[in-house]
Amino acid sequence: MNKFILNIDNLKHLINYLTEEIENNKSLRTKQKIHFLNTKEVSEILKLSTGQTQRLFLREDFPACNFVRPQMIEYNAFIQFLKEHQNENDNFKNTYDNLKED
């Protein structure tokens, strides 16, 4: 039951995030595509094992779409998560530093 509620909360978080992004950046509608990363891509980016990536996607503070299979995270939400958690571990910090340069 808690897992279902957590998934609904993640969906609400994603909808709120995307709504804010659209309102803050009208060009998102025409110039930018929304890009999602799956667990395999996140695993490759962070250089984590499959199990470590699955645990990351299950974290309450990780804004993943856990209600779909395969699990996904919106790219900008992933970058924001890394930014907010870069002091948590060196891997997050290094990845954030590398991705923000792109």
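This report describes the salt bridges of a predicted model and the surroundings of one serine in it.

**Salt bridges**

Side chains of opposite charge can pair when their charged atoms come close. In this predicted structure there are three salt bridges, and they are listed below with the distance between nitrogen and oxygen.

| Acidic residue | Basic residue | N to O distance |
|---|---|---|
| Asp 61 | Arg 59 | 2.8 Å |
| Glu 88 | Arg 59 | 2.6 Å |
| Asp 97 | Lys 93 | 3.1 Å |

**The network around Arg 59**

Arg 59, Asp 61 and Glu 88 are joined in a network of salt bridges, in which the side chain of Arg 59 meets that of Asp 61 and is also paired with Glu 88, their closest N and O atoms lying 2.6 Å apart. The pair of Glu 88 and Arg 59 links distant parts of the chain, since the two residues are 29 residues apart: Glu 88 belongs to the loop between helix H4 (75–84) and helix H5 (90–100), whereas Arg 59 belongs to the loop between helix H3 (50–58) and strand S2 (64–65). As for accessibility, Arg 59 is partly exposed at a relative accessible area of 23%, Asp 61 is partly exposed at 37%, and Glu 88 is likewise partly exposed, with a value of 41%.

**The pair within helix H5**

Asp 97 and Lys 93 form a salt bridge whose closest N and O atoms are 3.1 Å apart. Because these two residues are four residues apart in helix H5, about one helical turn separates Asp 97 from Lys 93. Is each partner of this bridge buried or exposed, or does it fall in between? Asp 97 has a relative accessibility of 18% and therefore counts as buried, the cut-off being under 20%, while Lys 93, with a relative accessible area of 35%, is partly exposed.

**Ser 43 and its neighbours**

Ser 43 is part of helix H2, which covers residues 39–46. With a relative accessibility of 13%, Ser 43 counts as buried, because this value is under 20%. Which side chain makes a polar contact with the side chain of Ser 43? The partner is Thr 53, whose side chain makes this contact at 3.4 Å. When residues up to four places away in sequence are not counted, Ser 43 touches Leu 48, Ser 49, Thr 50 and Thr 53, so that Thr 53 appears both among these neighbours and as the partner in the polar contact.

Technical notes
Residues numbered from 1 in each chain as written. Predicted model: local features only at pLDDT ≥ 70, side-chain atom pairs only at ≥ 80, totals over all residues. Heavy atoms only, no water. Salt bridge = Lys/Arg side-chain N within 4 Å of Asp/Glu carboxyl O. Buried < 20%, exposed > 50% of the residue type's maximum accessible area, 1.4 Å probe, protein only. Polar contact = N/O pair within 3.5 Å; in protein donor to acceptor, adjacent residues only side chain to side chain. Contact = heavy atoms within 4.5 Å.
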